[in-house]
Amino acid sequence: MRAAEVLPGTAQDVLLLCDHASNAVPADIDLGIDPRLLDLHIGVDIGAAAVTRALAAALDAPAILATLSRLVIDLHREPDHPGLIPVTSDGHAIPGNVRADRSTRIARFHAPYHRVLRDQVRHRRPSLILSIHSFTPRLEQGGAPRPWQVGILYNRDARAARAAIDWFRAQGIETGDNEPYSGRLLNATLNRHAEAQGIPSIAIEIRNDLICHETGVQSWARTLQQLTLFLRNTLAQKGVLAT
């Protein structure tokens, strides 16, 4: 089972990522859970893969999508992160992970996935990387309502983030600035493949009830297409991107 699916695209300046695109579990791994949990937000970023595919088609941009559930191994975590192989998620026990061989799963899934990302970034040298995620409107375990329609996550490099937040808010879209959680704490993929390479980037978190159906997917893909064009122009004017 390959850890990543690469969608081709002719656009050279933009690369799309989707770390939590799939809820698939390899046949030889038993998580010890009700399979229905894989369809929830703990198993997959609901709607994120569909939005990524639609946006990639609209931009004719390359995209990299993960091919297994975050419950097997969270590809959007550092290898030494305690939640890399979760034993619980939003109050649900994942008993099959308690005695999982960490090094084996890293070697089998995490390392190959990040090699694909590394190689694509080196080959394409994108000027902008967009990582597509989704979040649940409310966690099951005592979570407060999350009112944002979209959140922009970023770490130290705010070049694309500030412009994106301002653009979304100008459209009347309720936008979280490093919400529903902070990219300064959880930004592993972009820290490694974008920020460390000097490439402007953002993680775009869409509330999953807005993209759990085709109408929402297409609507948000159009919105993100407009955002991407805006970021291209804005960053180019600031001398960040080549014109």
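How are H1 and H5 oriented to each other? They are oblique to each other, because their axes cross at roughly 50 degrees and that angle falls outside the ranges that count as roughly parallel, antiparallel or perpendicular. Please keep in mind that this is a predicted model. The points below start with the helices, move on to the aromatic rings, and end with some residues in loops.

**Helix H1 against helix H5**

- Helix H1 covers residues 48-59, and its axis comes within 9 Å of the axis of H5.
- The crossing in which H1 passes H5 is right-handed.
- On the H1 side, the contact is made by Ala50, Val51, Ala54, Leu55, Ala58 and Leu59.
- On the H5 side, the partners are Val217, Gln218, Ala221, Leu224, Gln225, Thr228 and Arg232.
- Sorted by class, the contact of H1 with H5 has 9 nonpolar, 3 polar and 1 charged residues.

**Helix H3 against helix H5**

- H5 (residues 214-237) also packs with helix H3 (residues 159-170), at an angle of about 130 degrees and with the axes 10 Å apart.
- Here too the helices are oblique to each other, H3 to H5, because angles from 65 to 115 degrees count as roughly perpendicular and those over 145 as roughly antiparallel.
- H3 passes H5 in a crossing that is right-handed.
- H3 brings Arg159, Ala160, Ala163, Ala164, Trp167 and Phe168 to this contact.
- These residues meet Trp220, Thr223, Leu224, Gln226, Leu227, Phe230, Leu231, Thr234 and Leu235 in H5.
- The contact of H3 with H5 is made up of 11 nonpolar, 3 polar and 1 charged residues.
- Leu224 of H5 is worth finding on the structure, since this residue is listed in the contact with H1 and in the contact with H3.

**Aromatic rings**

- How many aromatic pairs does the structure hold? There are 3 aromatic pairs.
- One of them joins Trp167 and Phe168, with 5.4 Å from centre to centre and 70 degrees between the planes.
- This pair is edge-to-face, because planes over 60 degrees apart count that way.
- Trp167 has a relative accessible area of 10%, so this residue is buried.
- Phe168 is buried as well, because its relative accessible area is 0%.
- Ring pairs link Trp167 and Phe168 with Trp220 and Phe230 into a cluster.
- Those four names may look familiar, as Trp167 and Phe168 of H3 and Trp220 and Phe230 of H5 also take part in the contact between these helices.

**The loop between E3 and E4**

- Pro86 sits in the loop between strand E3 (63-66) and strand E4 (88-89), and Ile85 lies in this loop too.
- Are these residues buried or exposed? Pro86 is buried, with a relative accessible area of 12%, and Ile85 is buried, with 8%.
- Leaving aside neighbours within four places in sequence, Pro86 is in contact with Arg70, Leu71, Ile94 and Asn97.
- With residues up to four places away not counted, Ile85 touches Val72, Ile73, Asn97, Ala100, Arg102 and Arg105.
- Asn97 is therefore a contact of Pro86 and of Ile85, with heavy atoms within 4.5 Å.
- From C-alpha to C-alpha, Ile85 and Gln120 are 25 Å apart in space, with their places 35 residues apart in sequence.

**The loop between E8 and H4**

- Which residues does a cis peptide bond join? The bond joins Glu179 and Pro180, and its omega is about 10 degrees.
- Pro180 is found in the loop between strand E8 (175-177) and helix H4 (188-193).
- Asn178 lies in this loop as well, and its phi is near 55 degrees, a positive value in a residue other than glycine.
- Asn178 counts as buried, because its relative accessibility is 6%.

**Two more loop residues**

- Arg125, in the loop between helix H2 (102-124) and strand E6 (128-135), has a positive phi of about 45 degrees although it is not a glycine.
- Arg125 has 44% relative accessibility, so this residue counts as partly exposed.
- Ala27 is found in the loop between strand E2 (14-18) and H1, and at 88% relative accessibility Ala27 counts as exposed.
- Ala27 and Met1 are 26 residues apart along the chain, and their C-alpha atoms are separated by 9.7 Å.

Terms used:
Residues numbered from 1 in each chain as written. Predicted model: local features only at pLDDT ≥ 70, side-chain atom pairs only at ≥ 80, totals over all residues. Heavy atoms only, no water. Axes fitted to C-alpha atoms, helices over the stretch in contact; angles between N-to-C directions. Helix = DSSP H or I, 4+ residues; strand = E, 2+ residues; numbered from the N terminus. Parallel < 35°, antiparallel > 145°, perpendicular 65-115°, else oblique. Left-handed = near helix turned anticlockwise from the far one by under 90°. Nonpolar A, V, L, I, M, F, W, Y, C, P; charged D, E, K, R; others polar. Phe/Tyr/Trp six-rings, centres within 6.5 Å; stacked < 30°, edge-to-face > 60°. Buried < 20%, exposed > 50% of the residue type's maximum accessible area, 1.4 Å probe, protein only.
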